[in-house]
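Please open the model in your viewer and keep the sequence panel beside it. The stops below are meant to be selected in turn.

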Amino acid sequence: MTDLLKIGLGAPQYGLFADPATLSGFAADVEAIGFDSLWVGDRALVPTHPKDAYPGGGPVPEEYRTFLDPVVTLSFLAHATRRLRLGTSTLNAPFYSPLLLARSLVSVDILSGGRLDVGFGLGWSSDEYEAIGVPWRGRGARLEEILDVLEHVWSGSPAEYKGELWTIPSAHIETLPVQRPRPPVLLGGFTPATLERIGRRADGWAGVALPVPQLAYVISQIRQFAEVAGRDPGALRTVVRVNPAVTAEAAPTDAVPYRGTVVQVSDYLLAAHAAGADEVLVDLQQTARNADELTDLAHRFHVQLSKG
């Protein structure tokens, strides 16, 4: 864990914020404020009658019904910013062909001058998998092979690969990432299989807001898996994401950080940092009502978190 907390934001991407002027203006404003990163998510559709429960309970947020493509949005942000790290939290890797995914992500890394962080997840909606035409079963093994293909293609070695799901014939693929050997790869989720995968082969965890003791436990488990794999556990990053409903009045303690004042949510995130999180990510698109409020809330969070 690094001593200095890095502070990130969800980039305007969905709902009423899926707008180019909002996206470019917000990116410039938060870069000037001093934020460290902007992150995009991945949503293909919102099922009318979902087969699977939305994580955290409740209905799928209506704002997700309008959702810009994550990689296209990152490309836009690469042009609109100069310093901010640009990440995915998270990209549902099994949705994509790994060869084309490698090309898309390396393009962002090149266009941003090496500022890309790649967060991969498995998603939670079997409806999306069905619509995209990808099997829901076996998605963990699919992710493993996607990571294999990405590492192989990005290594600069001759692009010839034979796996269970994909075959790449001998070919020239010389579009390589600026960051070597590749952009940092974070993985989301907290099943035992996911934590083992992070410790064995990822650069860190794209985490979510959990009770602080549970958060600390998950981080310790990842570090133990890294040690078992012969890797340096201290080199792994943890980025904790929260999508809060920001309130004017203090919320009950058990509602924080999902609901609460800027101070309450910030205090939770500072506690998460003390528990091992290197970076926190606040997505304000489900609470702000317009672009000005989005920027104002971001500024208030930066002030509060910087005090810690």
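The tour goes from the whole chain to its cores and then to two single residues.

**The whole chain**

Begin with the protein chain shown as a cartoon, bearing in mind that this is a predicted model. Colouring by secondary structure should bring out 9 helices and 13 strands. The radius of gyration is 19 Å, close to the 19 Å that the globule rule gives for 308 residues, so the chain is as compact as a globular protein of that length. If you turn the view along the principal axes, the C-alpha atoms fill a box of roughly 60 × 45 × 40 Å.

Switching to a surface, you are looking at about 13900 Å² of exposed area, of which carbon and sulfur atoms supply 55%. Beneath that surface, 52% of the 308 residues count as buried. Among contacts between residues at least 6 apart in sequence, 72% join residues at least 24 apart. Colouring by charge picks out 26 positive and 35 negative side chains, and the centres of these two sets lie 2 Å apart.

**The nonpolar cores**

Next, select Leu9, Leu38, Leu77, Leu105, Phe120 and Leu284, which touch the most other members of the largest nonpolar core, a set of 75 residues. Adding helix H5, residues 139-154, shows the element that gives the most to this core, with 7 residues. A second, separate core has 6 residues, and Tyr14, Tyr54, Tyr64 and Trp124 are among them.

Now centre the view on Leu9 and display what surrounds this residue. Apart from neighbours within four places in sequence, its contacts include Phe26, Val30, Phe35, Leu38 and Trp39, and also Leu281, Val282, Leu284 and Ala298.

**Thr90, in a loop**

Move on to Thr90, which sits in the loop between strand S3 (85-88) and strand S4 (91-92). Is Thr90 buried or exposed? Its relative accessibility is 19%, and because the cut-off for buried is under 20%, Thr90 counts as buried. Not counting residues up to four places away in sequence, Thr90 touches Val40, Gly41 and Asp42, then Gly119, Phe120 and Gly121, and also Ala206.

**Arg201, in a helix**

Finally, select Arg201, which lies in helix H6, residues 192-201. Arg201 is buried, with a relative accessible area of 13%. Leaving aside neighbours within four places in sequence, which residues is Arg201 in contact with? They are Glu144, Leu147, Asp148, Glu151, Arg182 and Arg231. To end, draw a distance from the C-alpha atom of Arg201 to that of Leu77, 124 residues apart along the chain, and the separation is 28 Å.

Definitions and conventions
Residues numbered from 1 in each chain as written. Predicted model: local features only at pLDDT ≥ 70, side-chain atom pairs only at ≥ 80, totals over all residues. Heavy atoms only, no water. Helix = DSSP H or I, 4+ residues; strand = E, 2+ residues; numbered from the N terminus. Rg over C-alpha atoms; globule rule 2.2 N^0.38 Å. Buried < 20%, exposed > 50% of the residue type's maximum accessible area, 1.4 Å probe, protein only. Contact = heavy atoms within 4.5 Å. Areas by Shrake-Rupley, 256 points an atom, 1.4 Å probe, with all protein chains shown as cover. Lys, Arg positive; Asp, Glu negative; His and termini not counted. Charge placed at Lys NZ, Arg CZ, Asp CG, Glu CD. Core = buried A, V, L, I, M, F, W, Y, C linked by side-chain atoms within 4.5 Å.
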